[in-house]
Amino acid sequence: MKKTGAQILWESLVREGVTCVFGYPGGAILPAYDAMLDYPIRHILVRHEQGATHMADGFARATGSVGVAVATSGPGATNMVTGIATAMMDSSPIVCITGQVGSKLIGSDAFQETDITGITLPITKHNYLVSRPDEVARMVREAFYVARSGRPGPVLLDITKDAQQSSCEFEWPPEPKLTGYRPNHWPSTSDLERAAELVRAAKRPVILAGHGILLSGAMDVVHRFAEHAHIPVAMTLLGLGGFPASHPLNLGMMGMHGEAWVNTAIQEADLLLAFGMRFDDRVTGNLKTYAPHARKVHIEIDPAEINKNVKVDVGLVGDLRDVLEELLPYIDACDRTEWTEHISHLKGDSAVRDIQNLPDNGHLYAAHVIHDIWKTTNGEAIVVTDVGQHQMWEAQYYHHERPRTLITSGGLGTMGFALPAAIGAKVGRPDAEVWVVVGDGGFQMTMAELATIAQENIDINVAIINNGYLGMVRQWQEFFYERRYAATPLVNPDFAKLAEAFGLKGARVRSRAEVVPAVQAARESEGTSVIDFQVEQEDSVFPMVPAGADLDAMIRRPSAIVETGADV
């Protein structure tokens, strides 16, 4: 039976299991939008194409399935670039579909023509220019296969308008076999034995648990591995939730804003077991002094990551879950109590310095807000954060027990990510409680998506950590630029009234006593609530490893709440 390219597109998406897409129509994608009405796929109308990509990304991270975003040619397509790059850096499987001008107009600078495949070449796993209807089904199938296989990532399909309008016989192609694309790898037995020997000999090992745990579904085997070999587990930002926060072997987050004892343990370790992480510079600090006493084993699905930033003794390339299942029988049970007790000793007075344990001075701090949201939601919510200080406080004070409950932009550090990504997460997990934790700066980058929330009846809650600054940049200016606050103070709108203007509920909180009642009220009411938490303006995130410094050369938390500008 003959179908148009537009019909074949939706027919193919249905066969790939797609039930929802996020998009914004325009001239070059209109044939596809017209055909969409005849297919059982929910369309979420966004207010900006960047939002569509973040929603697809949030959907993918919350569900583990491929998220889909749709836009027209030219500016519609280029508005997707930030979201595509965000997904690329964090290995998030999304497929972006863009309309393109007619084939005969390509290269003529036609209205709203942009070479989006050229633009996105370095920030996609692969992209396609589709110019004939008989190419649509095959390329959709390949796009989903590439996006979800191996190391996941974004794929773009740019479909010309005439390819959408023309017709051909529809045939659903067989499973793709792509020349030169080898997503599946497997380590040799000798490498597994070498890795096991290093584990066997180690006295002070540490597991570095990254995003790959969640992407490969390796939570259970990591759990068994850590307990069997009695090895403490340090987490990357994107790895949080991959190992229960309450587990005695969980050290917490490592790196620039990781706890002091975690970074010190890594520096003192004699073996690092890197599980599905890529030795990002925010994790390692100064590479020349990073874990100087440690042998290193790196398990990673992408062979390009092995020895890229940190030279390792054994690199095991393959899916983390499969490799660990294969490696675990080689590992001897072991008691490393002396090492774990030493790490406990390293914690020292950190608990005393924690702001939760310091006397209440009557001021509201962001850490208080995050802690109280965690307590009030019983740690059960999916939290979607933006980028900046609030992101680090969330990582420190919302203790994630389960995977896919923290969604955040790690690699690219994309401000404006949180609100649209949370919409995608809620669409993908409608039964889950979803909270947005966002700064006042990042919120204003994509706050137009409040209209999407209102139109689509999305039920999430938004906590704006409002300190009147671009907080993390201000902190760097305070620490490293002699408090010269260039272009970081913000004059903000009334966020509560703004929410009400979109038909949502708005609230404002200025004291610690008001936090829990406001969070409870938001949870108990239907629809989306936006809470403006007006916190201390010049609060800073501690500990902090200055960029490029040695991992254990960190600025510790102050031993008391200090007034602005006091020596820390």
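**Exercise 1.** In this predicted model, find which strands helix α7 lies across, and state how the helix runs relative to β6.

*Solution.* Begin by locating helix α7, which covers residues 133-148. Next, look for the strands beneath this helix: α7 lies across β4 (67-71), β5, β6 and β7. Finally, compare directions, and the helix is found to run at about 170° to β6.

**Exercise 2.** Work out the order of the six strands in the open sheet that contains β3 and β6, and say which strands form its edges.

*Solution.* Reading across the sheet gives the order β3-β2-β4-β5-β7-β6, with parallel pairing. The strands that pair on one side only are β3 (42-45) and β6 (126-130), and these are the edge strands. From one strand to the next, the twist averages 20°.

Within this sheet, take the pair formed by β5 (residues 94-100) and β7 (residues 155-160), which run parallel and are joined by six bridges. As a single example from this pair, G99 has I159 in β7 as its bridge partner.

**Exercise 3.** Explain why one side of β16 and one side of β19 are left without a neighbour in the sheet.

*Solution.* First establish the order of this open sheet of six strands, which is β16-β15-β17-β18-β20-β19, again with parallel pairing. Strands β16 (406-407) and β19 (505-509) stand at the edges and each has a single partner strand, so one side of each lacks a neighbour in the sheet.

For β16, the pairing with β15 (residues 382-385) is parallel and extends over two bridges, and V383 has L406 in β16 as its bridge partner. Helix α24 (residues 515-524) packs on this sheet, where it touches β17 (434-439), β18 (461-466), β19 and β20 (529-534), and its direction makes about 170° with that of β20.

Note on methods: Residues are numbered from 1 along each chain as its sequence is written. This is a predicted model: local features need pLDDT of at least 70, side-chain atom pairs count only at pLDDT 80 or more; totals for chains, interfaces and linings use all residues. Side-chain values use heavy atoms; hydrogens and water are left out. Two strands pair if DSSP finds at least two bridges between them. Helices (H or I, at least four residues) and strands (E, at least two) are DSSP runs, numbered from the N terminus. Axes are lines fitted to C-alpha atoms, for helices over the stretch in contact, and angles run from 0 to 180 degrees between N-to-C directions. Contact means heavy atoms within 4.5 Å.
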